[in-house]
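Trainee: I should like to take a close look at a single part of this protein. May I ask you to guide me through it step by step?

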Amino acid sequence: MSGELAEISTFIKASNPFDTLPDVVLEQMSKQVQICYVRQGESLPPQGISTPSLYIIRKGTLSVINNDQQLIEKLAEGDICSLFCETGADTDIQVQADEDVLLYAFEFETLLEICTRYPYIGEFFTKPAAERLSAQVSKINEQAVVSSTLMNRAIGDFFSSPAITIEETTSLQAAAQTMTERNFSSLLVVKEQQLVGIVTDKDFRRRGMAQGLAITAPVSKIMTTDVQMIDVNCSAYEALIKMNSRGIHHLPVSQNGQLAGMVTITDLMRQESLSSVNVSSMIAKAQNVDELAQISDLLPKLQISMAKLGTSADNVGKTMSAIADAFTCKLIDLAKAHLGNEPVPFAWVSAGSQARQEQTVSSDQDNALIIDDSMQEAHRPWFTQMAQFVCDGLARCGYPYCPGDVMASNDKWRQTQAVWHRYFAQWIDKPEPKALMHCSIFFDMRSVYGKESLLADIRQQMLEKTRDNTLFLAHLSANAIKLRPPLGFFRDFVLTDNGKHKNTLDLKHNGIAPVVDLARIYALSEGIEEVNTLKRLTHAMGTSSLTQGSGKSLFSAFEFLTMSKVKHQAKQLLEGEETDCFISPNALSKLDREHLKDAFKVIKDMQSVRQTTYG
């Protein structure tokens with residue numbers, strides 16, 4: 001294959017869905033490609049091409065415009081234009097070059113032949129974005145089920161490097177001092193830079209102290225020889241099996257034949273110790289806020305571990321929210337140990353992402369207090385002190401104070417049940433901008449501690465007022481569709497054009513939040529009590545508010561966007577960066593960019609439906 005054909009083949013292979021074709025088929029396609037140019041301002045199809053054809057943009061950008069001169073979509077390098085695959089293609093649509101454009105053209109007959117041999121290529125062009133996205137999310141979820149073991153983790157994820165070594169002539173006393181200073185339970189013993197043994201705490205006890213050896217004796221007298229090693233590229237599970245079969249707890253790791261570090265049975269089991277159950281157990285046993293703050297250092301590692309294991313974003317959110325609940329409950333118990341028991345019943349409620357069980361590391365606080373109506377003025381100081389203690393404690397544990405002061409430490413959000421009833425009634429009866437903002441926060445509330453019925457009564461009355469309340473739902477819908485998915489302007493995405501996050505996509509405000517808003521509206525319309533976004537969508541599917549098909553599409557879009565966010569944040573945590581939701585399209589694979597476009601398109605379509613319904 002010539003250099004030019006090889007270049008064309010490589011470029012086609014980078015374009016979804018052709019990236020899955022065998023190389024021999026890509027080579028055949030490259031030989032049949034027709035290279036054409038379209039000057040700035042000219043329309044497709046290019047001059048000289050009269051047969052129905054598919055185009056891949058090699059260089060430049062195209063605008064897709066309807067008869068009303070409205071921009072529908074922008075296509076850029078690597079994008080596919082299939083609008084001219086049929087004779088008499090849609091005459092209501094024009095495709096114009098924004099600049100001089102270089103295209104690869106394939107006759108439709110060539111594409112048809114490939115689609116016949118490889119049906120999944122045909123499905124890409126015939127399936128709508130929602131179906132393509134749904135298939136991808138199903139694949140991710142299946143992977144999450146099968147990948148959650150040490151078999152899928154490399155030793156490189158666990159071992160300590162560099163290995164700490166001592167010479168075989170080192171005295172027992174000097175070796176023991178080194179282990180104590182470094183807080184190690186073992187050391188590797190070398191002779192002329194070659195590994196000859198390993199010495200552990202157990203060796204000191206059994207072969208040293210029990211045998212009456214002098215502290216000046218060399219470690220070669222007590223070390224274990226015939227040391228087993230394992231290559232850094234082996235799986236963590238292989239290391240575990242090797243240690244179990246040999247009855248050892250330490251395994252030197254080699255890389256390119258050289259000693260690179262050490263992995264221990266504790267390192268491998270730490271994965272288990274980072275589970276949410278164990279973290280929650282540690283929280284329950286903590287004696288004070290200092291201990292809780294130390295435990296909270298594990299949370300970034302836990303989120304990284306779950307992301308590496310392919311845990312679904314839904315489970316990551318539920319796990320991290322459950323841990324936030326555990327911190328909250330423990331802090332309330334600590335406050336009560338100092339202040340005494342509460343004078344009247346109360347409910348500590350979470351709001352926002354914690355309430356929806358969609359929290360990740362560094363999510364800020366959103367919480368409130370609902371106090372029994374029997375509260376007297378003399379009781380207020382107890383609740384004031386308790387709320388301040390808990391909010392301060394959460395901040396110590398890595399949950400930043402809410403920038404909008406939506407916390408129980410704020411008098412406004414620490415009220416009796418009767419006052420909360422009035423709050424909701426006012427917001428629903430007079431849906432002004434500030435009221436709608438409060439709705440987006442407090443319609444997602446969940447009881448974390450205390451008397452659950454205090455919140456349950458409020459929710460029941462609130463749902464009775466919102467269900468079928470078309471005026472209120474219209475205001476809520478108009479407010480919700482203000483956040484638009486970033487599609488269709490600059491190239492294929494609308495990127496943040498200034499500031500710290502220039503040239504990135506805001507997954508939270510332009511992708512995840514619009515789905516959360518839509519799900520909340522469906523739930524309020526139908527009187528659904530759930531606050532978790534996926535559960536709201538599931539319960540709303542098949543109602544007059546949301547069809548089964550649309551619900552499944554939004555479900556997939558939300559899962560894909562939140563998983564992208566979890567992976568992005570795990571990468572930031574690994575690199576020691578502060579987490580955010582701003583992702584660069586350049587950091588994504590071509591395939592992930594296509595799925596992201598599909599997710600945004602689903603949301604955009606559903607917002608349009610909502611706008612039509614309540615416009």
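Trainee: Which backbone oxygen does the side chain of R414 reach at 3.2 Å?

Mentor: Please keep in mind that this is a predicted model. The backbone oxygen in question belongs to S409, and the side chain of R414 reaches that oxygen at 3.2 Å. A second backbone oxygen has a part in the picture as well: that of A408 lies 3.0 Å from a polar atom of the R414 side chain.

Let us now place the residue. R414 is found in strand β16, which covers residues 414-416. Its relative accessibility is 6%. Buried means under 20% relative accessible area, and R414 therefore counts as buried. As for its surroundings, if residues up to four places away in sequence are not counted, R414 touches L369, I371, R380, F383, T384, A387, A408 and S409. A408 and S409 thus appear in this list of contacts, and the backbone oxygens described above belong to A408 and S409.

It is useful to set another buried residue beside R414. I164 is found in the loop between α5 (129-146) and β8 (165-167). At a relative accessibility of 18%, I164 also counts as buried, because the limit is 20%. Leaving out residues up to four places away in sequence, I164 touches R182, F184, L187 and L188. Between I164 and M407 there are 49 Å in space, C-alpha to C-alpha, and the two are 243 residues apart in sequence.

From single residues we may turn to a sheet. Here 4 strands form an open sheet in the order β1-β7-β2-β5, with antiparallel pairing. Its edge strands are β1 (34-38) and β5 (80-81), each of which pairs on one side only. Helix α1, residues 3-13, packs on this sheet and touches β1, β2 and β7 (101-107). The direction of α1 makes about 100° with that of β2. Strand β2 (residues 53-59) is joined to β5 by 2 bridges, and these two strands run antiparallel. The bridge partner of I56 in β5 is I80.

A pair of helices completes this tour. The axes of α21 (residues 533-540) and α22 (residues 548-574) come within 10 Å and cross at roughly 170°. Angles over 145 degrees count as roughly antiparallel, so α21 and α22 are roughly antiparallel to each other. On the α21 side the contact is made by T533, L534, L537 and T538, and on the α22 side by L554, F555, F558 and E559. The residues of this contact divide into 5 nonpolar, 2 polar and 1 charged.

Note on methods
Residues are numbered from 1 along each chain as its sequence is written. This is a predicted model: local features need pLDDT of at least 70, side-chain atom pairs count only at pLDDT 80 or more; totals for chains, interfaces and linings use all residues. Side-chain values use heavy atoms; hydrogens and water are left out. Two strands pair if DSSP finds at least two bridges between them. Contact means heavy atoms within 4.5 Å. Axes are lines fitted to C-alpha atoms, for helices over the stretch in contact, and angles run from 0 to 180 degrees between N-to-C directions. Buried means under 20% relative accessible area, exposed over 50%, partly exposed in between (1.4 Å probe, protein chains only). A polar contact is a pair of N or O atoms within 3.5 Å; within protein, one must be able to donate a hydrogen and the other to accept it, and residues adjacent in sequence count only if both atoms are side-chain atoms. Angles under 35 degrees count as roughly parallel, over 145 as roughly antiparallel, 65 to 115 as roughly perpendicular and the rest as oblique. Ala, Val, Leu, Ile, Met, Phe, Trp, Tyr, Cys and Pro count as nonpolar, Asp, Glu, Lys and Arg as charged, and the others, Gly among them, as polar.
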